[in-house]
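Hi,

Here is the structure I promised to pass on. Have a look at it first, and then read my notes below.

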Amino acid sequence: MDLHEFSLRQLREGLQKRDFSAQELTQTLLKRIHTLNPELNAFVTVTEAAALESAARADDRLAKGESGTLLGLPIAHKDIFCTADVPTTCGSKMLKNFVAPYSATVVERLDAEGMVMLGKLNMDEFAMGSSNETSYFGPVRNPWNTEMVPGGSSGGSAAAVAAGLVPVATGTDTGGSIRQPAALCGITGIKPTYGRVSRYGMIAFASSLDQGGAMARSAEDCALLLNAMVAHDPRDSTSHPAAASDFLRGLDRPLQRLRVGVPEEFFGEGLDPEVAAAVQAGIDQLAKQGASIQSIRLPNNPHAVSTYYVLAPAEASSNLSRFDGVRYTHRSSAVENLDDLYRQSRYEGFGAEVRRRILVGTYVLSAGYYDAYYLKAQQVRSLIREDFRRAFAEVDVIVGPTTPGPAFALGAKNADPISMYLADIYTIAVNLAGIPALSLPCGFTQSGLPIGMQLMGDYFADDLLLNVAHRYQQETDWHLARPNLKAGEA
Amino acid sequence: MAFDQDAVRRTAHLARLALPQEEVPAVASQLEKIMSLVEELSAIPTEGILPMAHPLDLEQPLRPDQVSNHDERQRLMASAPATKHGLFLVPKVIE
């Protein structure tokens, strides 16, 4: 097995035993990035020199006998997390030349652990998209089939992990942006309970929905990373005061008394039969491992997409009003007065999908429409949360498909925004409620594309989701499958 | 409901987006589709349901009023498109 296939735990053991140094590990992965990234386009920035320096520092600390869990291990960040002195573009022309004056709390914490950042990962512009095609820096390609999309918006993160460019990556999830690309790229990704991972320095899309999380090849690696990511942050007023936890502790608990709910609404019209069959097999596997399975109802789930496409654009239109062409963004050169400066810079700096969402958000918040759209959607959001409350009185986890189908072809859904929005039909309700959810690989289509199974838990049941996923991965090997990348042996 | 071209122009003005006239018809038809998707919400009975603004029922926390941010004017302004004497430059506002 090559270094790029090692799990975090295996890499850590190798570093501790001095089988290889952090510098050797970093060089191996940088070489792999240089070989594969021109086709995959997963990285928008590779921080080669800084990575080698930081690996050298990690080697010094390792030589002194330090044994930090993540010391010397490689990572890359979704380009939505601010990194001091390294460009942070958020996939947008608007921030093409932006260098943040400070790092996000998540980045700071992982730096402090001694992790080695290899670079910044491509994403849909301002995290708005489900295919990574809205990025100003071009689409990311799916390592399993480069004619296909990797999903989005954390598509660069998912593709980089699946292709073995990096063992773990950060992502963010507003309506499915960690879970959907994880499913389409055959990796494991968790969106924690809202409030567990600091949003400080994470460029805002929809603040009541945005949540950072971990993407890796296994649940165990996600747990290792989350241990360092989850903490109360006084700089984020929505950070939960009781946020810290040891996600490794309960990882091995047996599934004997686990009550699994399967929502009828997730298996209806529109679900690809191959996805349905693979997820059903995944549920059968959980039953085989001791879980009891029951059917449940989430009657308001079918309204989640509509609710989301009022609330998320509303919040986005407000958050993105800060991009004005004056302080740190793209500025139009063809302007004569201040109003034109705002209007032209914003038109030129934002791509079509971002502009569309800003317009929807502005419209639903404009005078005369607030009650009909925004208030109404907030009420339906309450109903969606109530569905989950009722369900979690009866079951411990809810299991269903992550996406209605496997990865689709580049360009297939670009003409019709609605068909793209429906790619998130099973992931959105989770963000509206604020509960945690995880996607893990559970099979392949006949054409060799990965299929994801979604686990949803009650507030602060993140550890339970990781536990269930880990036990499942102890008994199955879907997460060990690797795409066949031609240049991979370079 | 009709999301006509006037509505697009009005909304683009509120959002400070200089949408060129030739794009307005296409944008109107896309927004019309999105608004008809969300229109289904109006049929859901929600009388007496409290609106949910946020997942966690947390109060806004207070912290001691201490200086925590230091003067970083140069770093903060480094990404600005146009500056002079430590100020952001914009086109003339007052004649």
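Below is what I found, going from single helices to the core and then to the contact between chains.

Some housekeeping first. This is a predicted model, in which local features need pLDDT of at least 70 and side-chain atom pairs count only at pLDDT 80 or more, while totals for chains, interfaces and linings use all residues. Residues are numbered from 1 along each chain as its sequence is written, and chains are lettered from A and ligands numbered from 1 in the order in which they are written.

Let's start with helix α1 of chain A, residues 8–16 (helices are DSSP runs of H or I with at least four residues, strands are E runs of at least two, and both are numbered from the N terminus). Its buried residues are Leu8(A), Leu11(A) and Leu15(A). Seen down the axis of α1(A), these fall within an arc of 60 degrees, so they line one face of the helix. (The arc is taken from the directions from the helix axis to the C-beta atoms. Buried means 20 or more other C-beta atoms within 10 Å of the residue's own, exposed means 12 or fewer, and partly exposed is in between, with C-beta atoms placed from the backbone.) That fits the usual rule: an α-helix has 3.6 residues a turn, so residues three or four places apart point the same way. The buried residues of α1(A) pack against α2, α3, β4, β6 and α7 of chain A; contact here means C-beta atoms, placed from the backbone, within 7 Å. After the helix comes Arg18(A), with a positive phi near 60 degrees.

Helix α4(A), residues 105–112, has Thr105(A), Val106(A), Val107(A) and Leu110(A) as its buried residues. Their cover includes β2, β4, β6 and α7 of chain A. Just after α4(A), Gly114(A) has a positive phi of about 90 degrees.

Now for a helix pair. The axes of α2(A) and α3(A) come within 8 Å and cross at roughly 155 degrees (axes are lines fitted to C-alpha atoms, for helices over the stretch in contact, and angles run from 0 to 180 degrees between N-to-C directions). The two are therefore roughly antiparallel; that label is for angles over 145 degrees, with under 35 roughly parallel, 65 to 115 roughly perpendicular and the rest oblique. Among the residues making the contact are Thr26(A) and Leu30(A) of α2(A) and Ala55(A) and Leu62(A) of α3(A).

On to the core. The largest nonpolar core has 165 residues, and those with the most contacts inside it include Val161(A), Val168(A) and Met215(A). (A nonpolar core is a set of buried Ala, Val, Leu, Ile, Met, Phe, Trp, Tyr and Cys residues joined through C-beta atoms within 7 Å.) The most, nine residues, comes from α9(A). Leaving out residues up to four places away in sequence, Val168(A) touches Leu8(A), Ile75(A) and Leu225(A), among others.

Leu432(A) sits in helix α14(A), residues 428–433, and is buried, with 30 other C-beta atoms within 10 Å. Its C-alpha is 6.4 Å from that of Leu209(A), 223 residues apart along the chain.

Finally, the contact between chains takes 56 residues from chain A and 44 from chain B. On the chain A side, the largest share, 12 residues, comes from α12(A).

Cheers

Technical notes:
Contact = placed C-beta atoms within 7 Å.
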